[in-house]
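Colleague: Please take me through this model step by step, and keep the reasoning behind each answer visible.

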Amino acid sequence: YVTFAMRVVPPAPSPIVRCASPDLSLSSSPDSLTTERMDNKAVNTSPSALYKLVIPLLRCEVADVRDAAVHALGKVNSDALKDLMEELVVYIREAVDRKQENMRRRRRRDALRLQLVKVFELIAGYGTFGVSSCVLERDSQSLHPTIVEYVDGARLCLEAEPDKEALKDIKIHFCNFIRKMLKSFPLETYQTLLKRDLRRNLFVLFAGWSGSFGRSLASALTGSAGPSSTVPATTAPEPPAEEEEQQFCALQAMSAVLCCGPCFEPSALAEEGCLYPWLDSLLASKDEKIYNLTCETVVLLLECNPDMGPLLDWVVDRCYTAKAKVADGCFLALATIFSAREYPCDHYTAIINVTLMNTGCPRTHVHETALQLLQVLDKRFFGAVGPLPAEGDTGADRRRGGTLDLLLSTTYCRSQMHLSRQLAQLHPELTMPMFSEITHRFQTARPEVRQLLLQYLLPWLHNMELVDPNVPPGNPLSYFQYYASDISRSGGRREGWGSVEATEMVLNNLFYITAKFADEHPKEVEEVWATLCSCWPNNLKVIIRYLLIISGMAPQELLPYAKRVVLYLARARADRLLDEMMSELQTIETLNCLIERTETPPFYRLTSMRKASSHSDPGPGQTDPASRADLAVEKGTIHTKRHSGEDPGKTGTSKSDSALRALASGFVPPRGADKIRTASGPAMLSEETSTPTTETELAQVDEVGTGRYDIPQPHPLPMPEYGGYFAPLTEYLPDNGQPSSGFHRCNVAVMLLTDVVVDVVDLDWSIHVPLMLHILFLGLDHSRTLVHEHCKQLLLNLLLVLADHADHLSVAQILLNRKTMELGLGLPTPLLPKYGWKKTFKY
């Protein structure tokens, strides 16, 4: 009955002040007496009288009566909550009073505290606080002072006696009360409910109760310990069942207080903030309740702290670096936030990339969520764009809509590679931001994620036309063949995107990945280089020039990785690589420039040797007009005393050379009307770069420009915001900063070719053997050990591959015996069978 009464009790009527008037009813008739008795009865059944009857029962010694009063008061309706709180003010102040008393009074006070917090927990559990009009202040929209007074007073009492056994039940109900009360309000009111200091104090209090879940975090927030001392939930000993319940209730209350508006401690969500290890340990918990609670906490933290960039960065980073369960929780939190509203995001490429990465997740619920989120992000960031033209589509009846929406409406292919290919073709301007993001995340990602990153990077590499003003243009025939195959393959001709800055970033990052991770992902790294060298005709030349530079800059450290890259190129484009390397073998000069290591990307600077010897030094990074030709087109002398085909300074320029130089205008990076950047970074004038100078050459340019397969100028490839990510290749560079002229180009070619001879078996080396033997014999007495050792090894490899010894077993045994002897351990080596002179193998 009392529970029903509390559910239907109306609000107390406001007192109506009336003017005093004479009592005209002076008769004492029975009717008037009856009316008076009815008025008195009405007064006795007012809401206030009901509260005065029920509230004192909170002190009743009979448990059933006391519990009935608690449950009845806990179910009070929202309209009557104000009156109830006014009646409870006296009890609240008594409960939070901390004056010293005797044992009997203290026990009575503790009993009152317990029953009072039970009442508030029930009221909060039914959502009454959130819907009552009297709970929030009209102006500030904060909690009513009476509620704040109780919350803060109870906190102080519980802090004063942390180890008191009698307060264990009070702690559990207080945690549940705070959590349920905050959850009863809508999200938009969270910012003003509680002041930051009160939230911070409550969080520290609950953290102290949560055991291994957050005790050290409380110390970190109070400044007595570092954030690294947080004990992971997975390694903590199992507490008793009752203690475990209290710890979990405290953890829930911590989450509710933390997510009630912007973080009360901004430094805790800054970079290296103390909350991140705490969230990590909870996400790694094997308890499903704790894991689900932490996922909700991450979502609400993102929702309540949209201006905290490090928080979003941490969530994205954990999608790559954390274990699968933690990563899934972080990504699902991102999906929840970005699908609910247009969440503020400075680096939208990071969100697109992490979503695209998760479309390759083997866990179905993550894969499906990623696919759905990718469509939402596509609509938000790109809006309405035209779809890819279908084969035979003229574009006349093509409607416009969301990128992926149109693609999926025709073929609902959910393959990660398919989605990445479509995005790369529809949004080539995202090539470098996506490349920068992928290679940045690659450094710290877990192994299975690194494999995915390298796989869906491949379609973006097809957009990259490497640009180096120091590399002469390719043969027009190669462009003709490329465009012909491209049209037959895709139904249309693609155009490249390139710039000097993009080329520097691509080669630097891919070479760093090769050096650091090729042993762990050999197949994927090889596919990356094979795709890059195959997608545009001149890419191979630019890659080889880069390998020549870094091999000369740090041969001991980087040459083994450069040789590995050459192997990848040889397996993908064997004939073209062999032609380029034979051209290098014929060139006895260096790169005509000094290679100087720098601390800023691309971590080297090329300085003209002619400029370095001149009397007037124009300053670091600058070049004079006389040396510009040496940097633009490298001069070399063929060993047969013929002039190099790359030498533009010789007289008698042929028409074909003029046409090539005219076509080179399409390879000037579009960084402005009159400036380009060299591969070493500084700007220089481009007025002499591949410019036709005669009427014949100008006519040839016109003829080439009117052809069907002219070489277009690459589109300027937009670089990522803030410069993008350059991998720290300095980890592999020596500390010596002295500029070096490097090796002769023919010597570097010998080193790079050494392993190709024995690896690529389908090449015809016969026509190149005379030149290779000529160069390696010249290098057998070279002053640098690295050169003559590679010459010996190349000679040995040529003998192994081309000599007609017909006894590979004996050859293998000889080589193994030699390696055993070089160890110097005195181990015996097996004797080889003796053959006649016709079968003897000598080297």
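**From a surface loop to the buried interior**

Colleague: Between which two helices is the loop that holds Leu57?

Modeller: Leu57 belongs to a loop, and the elements on either side of that loop are helix H3 (47-54) and helix H4 (63-74). Please keep in mind throughout that this is a predicted model. The answer is therefore the pair that flanks Leu57, H3 and H4.

Colleague: Is Leu57 buried, partly exposed or exposed?

Modeller: The relative accessibility of Leu57 is 32%. Because buried requires a value under 20% and exposed a value over 50%, the class in between applies. Leu57 therefore counts as partly exposed.

Colleague: Which residues form a nonpolar patch on the surface with about 200 Å² of accessible area together?

Modeller: Leu57 is one of the members of this nonpolar surface patch. The accessible area of about 200 Å² belongs to the members together, and they are Leu57, Val62 and Val65.

Colleague: Turning to the protein chain as a whole, what percentage of its residues count as buried?

Modeller: The protein chain has 37 helices and 8 strands, and about 41,200 Å² of it is exposed, with carbon and sulfur atoms supplying 54% of that area. Among contacts between residues at least 6 apart in sequence, 75% join residues at least 24 apart. Of the 843 residues in the chain, the share that counts as buried is 49%.

Colleague: How many disulfides does a search of the whole structure find?

Modeller: A search of the whole structure for disulfides returns 0. Cys330 is in no disulfide, and its nearest cysteine sulfur, which belongs to Cys319, is 5.4 Å away. Since a disulfide needs two cysteine sulfur atoms within 2.5 Å, the number found remains 0.

Colleague: What is the relative accessibility of Cys330?

Modeller: Cys345 counts as buried because its relative accessibility is 17%, and the limit for that class is under 20%. Cys330 counts as buried too, with a relative accessibility of 0%.

Colleague: Which residues does Ala327 touch, not counting residues up to four places away in sequence?

Modeller: Ala327 is part of helix H17 (residues 324-340), and it is buried because its relative accessible area is 3%. Its C-alpha atom is separated by 9.0 Å from that of Leu283, a residue 44 places away along the chain. Leaving out residues up to four places away in sequence, those touched by Ala327 are Arg318, Cys319, Ala322 and Arg446.

Colleague: Which helices hold Glu121 and Lys180?

Modeller: Glu121 and Lys180 form a salt bridge in which the closest N and O atoms are 3.3 Å apart. The two residues are 59 apart and the pair links distant parts of the chain, with Glu121 in H6 (residues 103-125) and Lys180 in H9 (residues 168-183). In the order Glu121, Lys180, the helices are H6 and H9.

Colleague: How far apart in sequence are the parts that Asp468 and Arg545 tie together?

Modeller: The side chains of Asp468 and Arg545 meet in a salt bridge, with an N to O distance of 3.1 Å. Asp468 lies in the loop between helix H23 (447-461) and helix H24 (476-490), while Arg545 lies in helix H27 (residues 539-553), so the separation of the parts they tie together is 77 residues.

Colleague: Which residue meets Arg597 in a salt bridge?

Modeller: Strand E4 (residues 593-597) has a covered face made up of Cys593, Ile595 and Arg597, and an uncovered face made up of Leu594 and Glu596. Arg597 is buried because its relative accessible area is 16%. The salt bridge that its side chain enters, at 3.3 Å from N to O, is with Glu599.

Colleague: Which residue takes a positive phi in the hairpin of E4 and E5?

Modeller: E4 and E5 (residues 604-608) run antiparallel and are joined by 5 bridges, with Leu594 standing opposite Thr607. The hairpin has 6 residues between the strands, and the positive phi, near 75 degrees, is that of Phe603.

Colleague: What is the relative accessible area of Asn508?

Modeller: Asn508 is found in helix H25 (residues 500-517). Not counting residues up to four places away in sequence, Asn508 touches several residues, including Tyr546, Pro602 and Phe603. Asn508 is buried, with a relative accessible area of 0%.

Technical notes. Residues numbered from 1 in each chain as written. Predicted model: local features only at pLDDT ≥ 70, side-chain atom pairs only at ≥ 80, totals over all residues. Heavy atoms only, no water. Buried < 20%, exposed > 50% of the residue type's maximum accessible area, 1.4 Å probe, protein only. Patch = residues over 30% accessible without salt bridge, like charges linked within 9 Å, V, L, I, M, F, W, Y side chains within 5 Å. Areas by Shrake-Rupley, 256 points an atom, 1.4 Å probe, with all protein chains shown as cover. Salt bridge = Lys/Arg side-chain N within 4 Å of Asp/Glu carboxyl O. Helix = DSSP H or I, 4+ residues; strand = E, 2+ residues; numbered from the N terminus. Contact = heavy atoms within 4.5 Å. Pairing = 2+ DSSP bridges.
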